[in-house]
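Please describe this small report's subject: its helices, its surface and a few of its residues.

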Amino acid sequence: MNVFESIMTGLNEAVEYEKGNLTEKTTLTVELLPEITAVEIKSIRNEIALSQTKLPLDNHT
């Protein structure tokens, strides 16, 4: 399904739902994240000049 078809499907479902012809439904797709090693993370941080001290690892502080 291309982007246009996906948008049109969603719009048509919304119209049918508003008319009472369709009950609400939710579809959730979860994709696994790629595995990244500590060495790869360190390399990425070095490439973008972001040290661990600059990287907020704990949002509670």
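Accessible areas come from the Shrake-Rupley method with a 1.4 Å probe, and for residues only the protein chains shown count as cover. By that method the protein has an accessible surface of about 6200 Å², and 58% of this belongs to carbon and sulfur atoms. The model is predicted: local features need pLDDT of at least 70, side-chain atom pairs count only at pLDDT 80 or more, and totals for chains, interfaces and linings use all residues. Residues are numbered from 1 along each chain as its sequence is written, and side-chain values use heavy atoms, without hydrogens and water.

Of the 61 residues, 2% count as buried (under 20% relative accessible area; exposed is over 50%, partly exposed in between). The protein has two helices and zero strands. Helices (H or I, at least four residues) and strands (E, at least two) are DSSP runs, numbered from the N terminus.

Here is one residue from each helix.

| Residue | Helix | Relative accessible area |
|---|---|---|
| Leu-11 | H1 (residues 3-18) | 47%, partly exposed |
| Lys-42 | H2 (residues 38-47) | 48%, partly exposed |

H1 has 16 residues. From first C-alpha to last, H1 reaches 23 Å, close to the expected 22 Å (1.5 Å times one less than its number of residues). Gly-20 follows H1, with a positive phi near 85 degrees.

Leu-11 also belongs to a nonpolar surface patch of about 500 Å², together with Val-3, Phe-4, Ile-7 and Met-8. Such patches join nonpolar side chains (Val, Leu, Ile, Met, Phe, Trp, Tyr) within 5 Å, from residues with over 30% relative accessible area and no salt bridge (a side-chain nitrogen of Lys or Arg within 4 Å of a carboxyl oxygen of Asp or Glu).

Note on methods. Patch = residues over 30% accessible without salt bridge, like charges linked within 9 Å, V, L, I, M, F, W, Y side chains within 5 Å. Buried < 20%, exposed > 50% of the residue type's maximum accessible area, 1.4 Å probe, protein only.
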